[in-house]
Protein chains: 2
Amino acid sequence: MERLKAEIRRHAVVRNEKIVELDAVLTQKVDPGLMMEIGETFAERFRDAGVNKVVTVEASGIAPAFAAALKLGVPLVFARRRKTPITDPDVYIERVPSFTKGHVSDLIIAKRLLSHEDRILVVDDIISNGGALAGLLRIIGQAGASVAGIGIVVEKTFQSGADLLRGKGYRVESLVRIRSLAEGAIEFDE
Amino acid sequence: MERLKAEIRRHAVVRNEKIVELDAVLTQKVDPGLMMEIGETFAERFRDAGVNKVVTVEASGIAPAFAAALKLGVPLVFARRRKTPITDPDVYIERVPSFTKGHVSDLIIAKRLLSHEDRILVVDDIISNGGALAGLLRIIGQAGASVAGIGIVVEKTFQSGADLLRGKGYRVESLVRIRSLAEGAIEFDE
């Protein structure tokens, strides 16, 4: 993933010691060729894990998750975020915090789009404290589906989200690990 | 696009005479293979239009727009929706209504992601009255970029959005046209 690191070095804007804005790489503009490399890498790592569905959260999870689903030959489901409280019996709903956005929102997936027979690869663009992913995993648990693994494009290793998930037994694969954003500079692991 | 019509016939839920829910086809679950067919069709139709960027609106525009961008070999930019008012000088922002969602929201694109030299293919999943697309076109206009055309996956021809855009001189290509949702049934054009 040297190309991804190079794009991050070139376009990332370090907002503070904990937040890096990746609008021109992941969260508002994407290079489809780079996304397909990312998707292929996730597909290689989870090829033998029995995945029958990729699940992500709108909006910036969709491009890398779509690429992974395409390479694995399985459908993609994306949780919607809505702030309006609804009481629809046909959806799973979990309230989650967003570290980067600084507010809570709801994750919603229609019940008919998940099955207890599903074996799911969860994909997301960036993990900080993992609040949104934890909500997504609760939804998958409510559906009775199993999780083959979690693919993250950018892990901030100085925050605890990914390691918390590993501690719970999930297989978490991140493609790029950022260990520090101190003094406005991005430091990658290894 | 017979396969797309078949998927719509199979999975669509007609909510009323004006709203059809396509969660299992476009707005929450997608078949990446079908999306790639859609992307290839848009790419064929706009191959000679000088497109250097595809622009869409999160979230359900992303999958078909990503596929089109991949097939055209150009980057994808997606407008974000946020309801919180911001006064960031570095973004274009337009307030737009959503026919389906029944509320207004903001469309936001970072200024540095659009250029007056851009020639843009706009892609979206569904057009009703075209309120969100009109906002997106205003943003593109503010950036001084030109619009090569507009690719829509599902046009509801009994609403005026697409024809209003055609009347303004835009080239609008829709892949599937729904002419009626009366009595709970989907009727396609032709």
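The exercises below, each with a worked solution, concern a predicted model with chains A and B.

## Exercise 1: How the two chains are related

Work out which turn and which shift lay chain A on chain B, and which C-alpha of chain A is nearest the axis.

**Solution.** Begin with the general idea that two copies of a chain are related by a rotation about an axis together with a shift along it. In this model, a turn of 180° with a shift of 0.0 Å along the axis lays chain A on chain B, and the RMSD is 0.0 Å. That is the relation of a two-fold axis. Looking next for the part of chain A that comes nearest to the axis, one arrives at Ala59(A), whose C-alpha is 2.6 Å from it. As a last step, consider the surfaces in contact: the same surface serves both copies, since 100% of the contact residues of chain A recur in chain B.

## Exercise 2: The peptide bond before Ala59

Determine what is noted about the peptide bond from Glu58(A) to Ala59(A), and where Ala59(A) lies. Then do the same for chain B.

**Solution.** In chain A, the bond that leads from Glu58(A) to Ala59(A) is cis, with omega near 0°. Following the chain around this point, one finds that Ala59(A) belongs to the loop between strand S4 (53–57) and helix H4 (62–72) of chain A. Turning to chain B, the bond from Glu58(B) to Ala59(B) is cis, with omega near -5°, and Ala59(B) sits in the loop between strand S4 (53–57) and helix H4 (62–72) of chain B.

## Exercise 3: The backbone at Glu183

Find the sign of phi at Glu183(A), and decide whether Glu183(A) is buried or exposed.

**Solution.** Glu183(A) has a positive phi of about 55°, although this residue is not a glycine. Its place is the loop between strand S10 (172–180) and strand S11 (187–188) of chain A. To decide on exposure, recall that a residue counts as exposed when its relative accessible area is over 50%; Glu183(A), at 80% relative accessibility, is therefore exposed. In chain B, Glu183(B) likewise has a positive phi of about 55° without being a glycine, it lies in the loop between strand S10 (172–180) and strand S11 (187–188) of chain B, and it is exposed, with a relative accessible area of 80%.

## Exercise 4: The contact between chain A and chain B

Describe the contact by its residues, its buried area and its polar pairs.

**Solution.** Start with the residues, of which chain A gives 35 and chain B gives 35. The area buried between the chains is about 2,900 Å², and carbon and sulfur atoms give 63% of it. There are 2 salt bridges between chain A and chain B, and 10 residue pairs are in polar contact, both residues being at pLDDT 80 or more. Among the elements that each supply at least two residues of the side of chain A that touches chain B are helix H2 (23–27), helix H3 (32–46) and strand S7 (103–110). H4(A) gives the most to this side, with 5 residues. Sorted by class, the side of chain A that touches chain B has 22 nonpolar, 5 polar and 8 charged residues.

## Exercise 5: Salt bridges across and within chains

Trace the salt bridge from Glu21(A) to its partner in chain B, and then examine the bridges that Arg10(A) and Glu187(A) form.

**Solution.** Glu21(A) forms a salt bridge with Arg112(B), and the closest N and O atoms are 2.7 Å apart. This pair crosses between chains, from strand S2 (residues 20–21) of chain A to the loop between strand S7 (103–110) and strand S8 (119–127) of chain B. Glu21(A) is buried, with a relative accessible area of 12%, whereas Arg112(B) counts as partly exposed at 46%. With the chains exchanged, the side chains of Arg112(A) and Glu21(B) also meet in a salt bridge, at 2.7 Å from N to O.

Within chain A, Arg10(A) bridges to Glu7(A), with the closest N and O atoms 4.0 Å apart. Both residues lie in helix H1 (residues 2–11), 3 residues apart, which is about one turn of the helix. Arg10(A) is exposed, at 65% relative accessibility.

Glu187(A), in turn, forms a salt bridge with Arg179(A), with a closest N to O distance of 3.3 Å. Glu187(A) is partly exposed at 39%, and Arg179(A) is partly exposed at 44%. In addition, salt bridges that share partners join Arg3(A), Asp31(A) and Glu37(A) into one network. Over all chains, the structure holds 33 salt bridges.

How values were computed:
Residues are numbered from 1 along each chain as its sequence is written. Chains are lettered from A and ligands numbered from 1 in the order in which they are written. This is a predicted model: local features need pLDDT of at least 70, side-chain atom pairs count only at pLDDT 80 or more; totals for chains, interfaces and linings use all residues. Side-chain values use heavy atoms; hydrogens and water are left out. Copies are superposed by least squares on the C-alpha atoms of residues with pLDDT of at least 70 in both. Contact means heavy atoms within 4.5 Å. Helices (H or I, at least four residues) and strands (E, at least two) are DSSP runs, numbered from the N terminus. Buried means under 20% relative accessible area, exposed over 50%, partly exposed in between (1.4 Å probe, protein chains only). Buried area is the accessible area (1.4 Å probe) that two parts lose on being put together, summed over both. A polar contact is a pair of N or O atoms within 3.5 Å; within protein, one must be able to donate a hydrogen and the other to accept it, and residues adjacent in sequence count only if both atoms are side-chain atoms. Ala, Val, Leu, Ile, Met, Phe, Trp, Tyr, Cys and Pro count as nonpolar, Asp, Glu, Lys and Arg as charged, and the others, Gly among them, as polar.
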